[in-house]
Amino acid sequence: MVMKHIIYISVFAFAFLFLGSVRTMACTAAVISGKATPDGRPLLWKHRDTGMPDNALEHFKGERFSFTGLVNAGGNIAPGAAVSDREVWAGANTAGFAIINTASYNIKDDDIPPSMMDREGIVIHRALGICGTVSDFEHFLDTLSRPIGVEANFGVIDASGGAAMYEVNNGSYVKYDVNDSSVAPDGYIVFTNFSFSGRKEDVKGYERYLTASAVFGEAVSSGTVFTPDFIFGNLSRSFRNDFTGTDLGKDFDFLLSEGIFNGIVPDIDFIPRRSTSASVVVQGVESGEDPLHTVIWTVLGYPPCGTAVPVPVSVHDIVPDYMKSDPCSGHSLICDIVLDIKYRYVFRFGTGSGKGYLDMSPLMAGGPDGPSILECCTESDRKIRETFLSLYNGYTEGRTTAEEFYSGYLDISPLFLEIYLDEFKYFAHLLKNH
C-alpha cells in the first residue's frame with residue numbers, strides 16, 4: 001500500500017511539472033483485420049483530437065460512390081481551398097471501402113511550406129468518392145500530383161478483406177499490410193502521431209501509443225474479442241496511461257479514499273483529452289458480404305460523455321438529423337449536448353491554467369442521488385446497440401430486405417437520441433435547453 005502511494009504521488013508531481021508544456025493536436029487509431037474479429041468483419045478506429053470540437057456526420061455523393069464521413073460541423077472547406085475540396089476526417093462508402101488518418105510529425109523530408117500542407121481531409125474526401133478497394137487507394141496515392149500536401153498515416157479497409165496502413169508524405173509512402181502476419185502478428189496495427197518508418201527524434205503521441213498497444217495486447221492474451229463496444233469502452237473512455245504506469249479510472253476509488261487526490265487531475269496523455277472531438281469505428285464486412293452492411297459507429301464530442309450511434313452506409317442520406325450540422329446553428333445537436341456535459345462537469349475550469357485539468361468525480365462516481373457519467377454512457381450504448389442490432393441482424397441474415405432495413409432505420413434512429421437523453425435525465429437541468 002505504501003509503495004502504491006509513492007508511485008501515484010510521484011506520477012502526480014511529474015504531471016504537475018509538465019502541465020504547461022505544449023500539446024500537439026493528435027489522434028489515436030487502429031486498423032483491425034477481419035482475422036482478429038469474432039465475425040470476420042474488419043474494424044477501423046479513429047479517436048480524433050483537434051482544435052475543432054464541434055463535429056458532425058455528413059452524406060456525400062462522390063464521383064463513383066456515395067459515402068458518409070466525419071466532418072467539422074458548420075463547414076468543412078480547407079483554408080484557401082476551392083469549394084470542391086471538401087474535408088472529411090473518417091468515413092466509409094457504398095463499395096465497403098473505409099479510411100481514416102492520424103497526423104504524423106516525423107516523415108516530412110522537404111521544405112514544402114505550411115500553406116501547401118494539411119490536405120489530409122481533402123485526400124480522404126476524394127478517396128471515398130472514387131476508391132472501392134485498398135488497391136484502388138494505393139493506385140490513387142501513386143497518381144496524386146506531387147507534392148501531395150500531407151504528412152500522415154492513413155488506415156484503410158475494404159469489402160474484400162483488405163486492411164492496411166500507409167505512412168504518406170509529399171512524395172512517397174510506406175505500406176503495412178495488416179493481413180500479413182509478419183507485419184501484424186495479431187491482426188491489428190495501432191498508430192498515433194508518428195510513422196514507424198520516420199525519424200525517431202520527432203516521434204509524437206508515443207505515450208498514447210503505449211497505452212493503446214497495451215490494451216489491445218491484453219485483449220489478445222485474455223481472448224477478448226475486438227468490437228466497436230470494446231474500443232469505445234476500453235480506449236476512447238479510458239484514463240489509463242502506460243507511460244506512467246497508472247490507470248486513474250481503475251484506481252479512482254483507491255486514490256480518493258486514500259486522500260492521494262480529490263478527483264481533479266491534469267489532462268495529460270490520456271487517449272480522451274480536452275481536444276477530443278469524436279471517436280469513430282467503421283465496422284466493415286466479411287469478404288464476399290454485401291458492402292452495404294458496413295456500419296459507421298460514431299461518438300460525437302467527448303466520448304466519456306457521449307454515446308455510440310450506428311449509421312449504416314447507404315446510397316441515400318440516412319444520417320440522423322441530430323448527427324448533422326444544423327442549418328441554423330451550424331452544429332450537430334447531439335455533439336452540442338455532449339460538449340455541454342463535458343464543459344459543465346468534467347472540464348469545468350474554464351480559465352487560465354485550469355483548462356488543463358479535468359474533474360473525474362462526475363465521470364466515475366456521479367452525484368449522491370444519480371449515476372456516474374460513464375455509467376450513463378455505457379447504458380446508453382447498450383440500449384442503442386440492442387435496438388439497432390435487432391433490425392440490422394435481420395438484414396444481414398437475409399430475413400429482411402434492404403428497403404425494409406433502411407425504412408426501419410429511419411424509424412428507429414430518432415430513438416437513439418431519446419435513449420441518450422433518458423439515460424442522462426439526472427443531468428436534465430442541463431439537457432432541457434436542447
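This passage describes the overall build of a predicted protein model and then a handful of its residues.

The protein chain contains 11 helices and 17 strands. Its radius of gyration is 21 Å, which agrees with the value near 22 Å that a compact globule of 434 residues would have. Along the principal axes, the C-alpha atoms occupy a box of roughly 60 × 50 × 45 Å. Of the 434 residues, 57% are buried. Contacts across the sequence are also worth a look: of those between residues at least 6 apart, 68% join residues at least 24 apart.

As for the surface, the accessible area of the protein chain is about 17,300 Å², and carbon and sulfur atoms account for 54% of that area. The charged side chains number 34 positive and 54 negative. The centres of these two sets are separated by 4 Å.

Confidence comes next, as it guides how the coordinates may be read. The mean pLDDT of the protein chain is 92, with 90% of the residues at 70 or more. Over residues 77-83, however, the pLDDT is below 50, and this stretch has 10 contacts in the model beyond near neighbours in sequence. Residues 13-24 likewise stay under 50 in pLDDT, and the model gives them 14 contacts beyond four places in sequence.

A good place to begin the local tour is strand β1, which spans residues 27-32 and includes C27. With a relative accessibility of 7%, C27 counts as buried, because the cut-off for that class is under 20%. Beyond four places in sequence, the residues touched by C27 include K46, H47, R48 and D49. N101 and T102 are also among the partners of C27, as are F191, T192, N193 and R208. G249 lies 222 residues from C27 along the chain, and the C-alpha atoms of the two are 21 Å apart.

One of those partners, F191, belongs to strand β10. Its relative accessibility is 0%, so F191 counts as buried. Contacts of F191 outside its sequence neighbourhood include C27, T28, A29, A30 and V31. Further contacts of F191 are made with I100, T102, N153, G155, M165 and Y209. Between the C-alpha atoms of F191 and N101 the separation is 9.6 Å, with their positions 90 residues apart along the chain.

The loop between β1 and β2 (43-49) holds S33. This serine counts as buried, at 1% relative accessibility. Not counting neighbours within four places in sequence, S33 is in contact with P42, A163, V178, N179 and G187. The pair S33 and K383, 350 residues apart along the chain, has a C-alpha separation of 27 Å.

F196 offers a view of another loop, the one between β10 (188-191) and α4 (206-222). At 27% relative accessibility, F196 counts as partly exposed, because its value falls between the 20% and 50% limits. Once neighbours within four places are left aside, F196 contacts M165, E167, Y176, I189, V190 and Y209. M165 and Y209 are also found among the contacts of F191. The C-alpha atoms of F196 and I231 lie 23 Å apart, and the two residues are 35 positions apart along the chain.

Backbone geometry supplies the remaining points of interest. R146 and P147 are joined by a cis peptide bond, with omega about 0°. P147 sits in the loop between α3 (134-143) and β7 (152-157). Positive phi values in residues other than glycine also occur: phi is near 60° for D118 and near 65° for D269. D118 is located in the loop between β6 (98-103) and α2 (120-130). With a relative accessible area of 54%, D118 is exposed, because that class begins over 50%. D269, for its part, is found in the loop between β13 (264-266) and β14 (276-283).

Conventions. Residues numbered from 1 in each chain as written. Predicted model: local features only at pLDDT ≥ 70, side-chain atom pairs only at ≥ 80, totals over all residues. Heavy atoms only, no water. Helix = DSSP H or I, 4+ residues; strand = E, 2+ residues; numbered from the N terminus. Rg over C-alpha atoms; globule rule 2.2 N^0.38 Å. Buried < 20%, exposed > 50% of the residue type's maximum accessible area, 1.4 Å probe, protein only. Contact = heavy atoms within 4.5 Å. Areas by Shrake-Rupley, 256 points an atom, 1.4 Å probe, with all protein chains shown as cover. Lys, Arg positive; Asp, Glu negative; His and termini not counted. Charge placed at Lys NZ, Arg CZ, Asp CG, Glu CD. pLDDT = per-residue confidence, 0-100.
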